[in-house]
Amino acid sequence: MASSGSPERHAGANEVSDRTAQVAARLKQIYKKYVYPVEKKYQYDFFFESPFLSDVEFDAKPQVLLVGQYSVGKTSFIRYLLGRNFPGQRIGPEPTTDRFTVLLNGPEERTIPGNALSVHPDLPFKGLERFGVNFLSRLEGSQLSSSVLRSVTLVDTPGILSGEKQRTNRGYDFTKVVAWFAEKADLIILLFDAHKLDISDELKGAIDVLKGHEDKIRCILNKADQIDRQQLMRVYGALLWSLGKTMSSPEVARVYVGSFWQEPLKSMDNAALFEMEERDLMKDLAVLPRQSAVRKINELVKRIRKVKTLAYIVGHLKSQMPTLMGKEKKQQKLIQDLPNVFRSILKKYNLAAGDFPEIQSFAAKLQEVKFQELAPLNQKYIDDLERVLTDEIPQLMSQLPSERDSPETLCNKMTSPENMPIPKAAGKFGKKDDHYEGNPFGYDETDQERYWALQDSADRLKNSYLQLGPEGGYLSTEKARDVLLRTGLEKDQLRQIWNLSDMDRDGLFDFDEYVVAMFLCDAVVQKGRPIPSELPASVVPPSKRELLSARKQSAFDGE
Ligand SMILES: Nc1ncnc2c1ncn2[C@@H]1O[C@H](COP(=O)(O)OP(=O)(O)OP(=O)(O)O)[C@@H](O)[C@H]1O
């Protein structure tokens, strides 16, 4: 039984989390089966200068980016969300975080150097190499086993400094890097210090690069308990005014006021207000996994529409080529007449202008190919894409809570109503911690019974397991052995891995056992780790915990 609260309290949240993972897995299948072959056939990567999608794009967790001046409490806020310290954490009154820290879930606690992070095939940080070695030495991964990080990835940024220091000391383009992370983020939290509110040029610069992402921005007026009510009103007003001038969005930014760390409030004057504000912020965070799933669906829809349009364009150009003479001449004529060609394709197939490539760069690309070598239009491809758009995508959307739901109702769908995510330490508001909810995303930090450090690997391995052809939910001994042999490990090592993974000793691999085996093989092959004598508790699948602890007990009792 869960250590804090009954399992039912979390059922809604886990269900949504599972559903969003299922949606991501289905999107990946759709892409591989129906979209990728068309992209390849009509050279989407070349014509749209957009690489083919990899699994990472679908599997990536929602990202939360924290931005603010130095010492506003970004790192303390993350620590508060996680409910614990994390590797590489630096908190202090002086500028402490001089690097971008990406907080990731993983079975062992460690820091990961920026270089490794930016080339890791399973992480969505490829592309950061372009900011140079100076930047990479200021990038760090912090891996820990955390239920919060199972749902989201957090990115802590270096505090924004004032004046010259900002420009001269960094050795890389800070604002460009923030823009890169902002693009990928699902939520951007801008923190301000109520105690020393100052929207400097640098912060304005950072807010500028967040332009176009206004819908993702949430502001926090932190340390609000350090000042009295009257001062707070003034500071709050001044912040809204400055933000209104700096941010181009027509809507007033949502500013959460409070003190976002675990310490008790300095003054209880505004305790009720701060508590409500934290509750609202946690609700905002709780809908992130769902929002991220919707974003992934939308992005794939946009891409499919472009792919379809490209197939029509390429097919049309190919169809215009003469069979014998004058190919080169015809090709040049078509390129020159491209605006008209686009117009007639748009009309003929009833397409949207926004799905067409930018005309000049497309014309330049066309100069590099021979039209007679282009692929002809294949109606089957188009029909498949249409079917994805009209049947599969709406079906996927219906599996998520309705788009028209208010954040409130969405949140209700994610957690049972009486247990909305509430601040982690009710004690700080002068209350007892009896409603403690450890994680706004629905998994309770203390809920050891359901937490499994290999859950991410399990999500990734689901398809490969199914492809191996389990029967009745089990991989036969032969199949399991074949999989292990393919790792190239020594027989003796494989025997040890088998003994650790086949937890129920039935000579077969169910899915959980398969995940554990793959994890152990990977640890030995990729990372050169020794095989442990027993499985670490967080690696044991929840389905096998009772069994293993009973076995341990009977060994202890000498049975
Ligand atoms: N809610 C809070 N109320 C009062 N003090 C706080 C609060 N949160 C953090 N602090 C204090 O503010 C200082 C800065 O905190 P922290 O290092 O978390 O900020 P930061 O924004 O991550 O800074 P940097 O950008 O330099 O890394 C620390 O001394 C911390 O103890």
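**Notebook: helix H4, the sheet and two further contacts**

I began with helix H4 (residues 74-82): eight of its nine residues are buried, so the helix is largely enclosed by the rest of the structure. I note at the outset that the model is a predicted one.

**Entry 1. Helix H4**

I listed the buried residues of H4 as Lys74, Thr75, Ser76, Phe77, Ile78, Tyr80, Leu81 and Leu82. I then asked which elements the buried residues of H4 pack against. They pack against strand S1 (63-68), S2, helix H7 (147-151), S5 and strand S6 (187-193). Just after H4 I found Gly83, which takes a positive phi of about 75°.

**Entry 2. The chain as a whole**

I recorded 23 helices and eight strands in the protein chain. Of its 559 residues, 35% are buried. I also looked at contacts between residues at least 6 apart in sequence, and 79% of these join residues at least 24 apart.

**Entry 3. Order of the sheet**

In what order do the eight strands lie in the sheet? I read the order as S3-S4-S2-S5-S1-S6-S7-S8, in an open sheet with mixed pairing. Strand S3 (110-113) and strand S8 (255-257) are the edge strands, each pairing on one side only. Neighbouring strands of this sheet are turned against each other by 25° on average, direction ignored. I noted helix H12 (residues 271-286) packing on the sheet, where it touches strand S7 (217-222) and S8. The direction of H12 makes about 135° with that of S8.

**Entry 4. Strand S2 and its partners**

I turned next to strand S2 (residues 100-105). Five of its six residues are buried, so S2 is largely enclosed by the rest of the structure. I checked the pairing of S2 with strand S4 (residues 139-144) and found six bridges in the parallel sense. Within this pairing, Leu104 has Gln143 of S4 as its bridge partner. S2 is also joined to strand S5 (residues 153-156), by three bridges, and these two strands run antiparallel. Here I looked up Val102, whose bridge partner in S5 is Val155.

**Entry 5. Strand S6 and its partners**

How many of the residues of S6 are buried? I found seven of its seven residues buried, and the strand is mostly covered. In a regular strand the side chains alternate between the two faces of the sheet. I therefore sorted the residues of S6 by side: Leu187, Ile189, Leu191 and Asp193 lie on one, and Ile188, Leu190 and Phe192 on the other. Both faces of S6 are covered, as the residues on each side are all buried.

I then followed the bridges of S6. S1 and S6 run parallel and are joined by five bridges. Leu65 stands opposite Ile188 in S6, and the bridge partner of Val64 is Leu187. With S7, S6 pairs in the parallel sense over six bridges. For Leu191 I found Ile220 as the bridge partner in S7.

**Entry 6. Helices H13 and H17**

I examined the contact of helix H13 (residues 288-319) with helix H17 (residues 379-399). Their axes come within 10 Å and cross at roughly 165°. That angle makes H13 roughly antiparallel to H17. I recorded the crossing of H13 and H17 as left-handed.

Which residues of H13 and H17 meet? On H13 they are Ile297, Val301, Ile304, Val307, Lys308 and Ala311. On H17 they are Tyr381, Ile382, Leu385, Val388, Leu389, Ile393, Leu396 and Met397. I divided the residues of this contact by character and obtained 13 nonpolar, no polar and one charged.

**Entry 7. Asp502**

My last look-up was Asp502, in the loop between helix H21 (491-501) and helix H22 (511-525). Why is Asp502 classed as partly exposed? I counted 18 other C-beta atoms within 10 Å of Asp502, and a residue is buried only if 20 or more lie in that range and exposed if 12 or fewer do, so Asp502 falls in between. Leaving aside neighbours within four places in sequence, Asp502 is in contact with Gly507, Phe509 and Glu513. I also took the C-alpha to C-alpha distance from Asp502 to Val516: the two are 8.9 Å apart in space and 14 residues apart in sequence.

Key:
Residues numbered from 1 in each chain as written. Predicted model: local features only at pLDDT ≥ 70, side-chain atom pairs only at ≥ 80, totals over all residues. Helix = DSSP H or I, 4+ residues; strand = E, 2+ residues; numbered from the N terminus. Pairing = 2+ DSSP bridges. Axes fitted to C-alpha atoms, helices over the stretch in contact; angles between N-to-C directions. Parallel < 35°, antiparallel > 145°, perpendicular 65-115°, else oblique. Left-handed = near helix turned anticlockwise from the far one by under 90°. Contact = placed C-beta atoms within 7 Å. Nonpolar A, V, L, I, M, F, W, Y, C, P; charged D, E, K, R; others polar.
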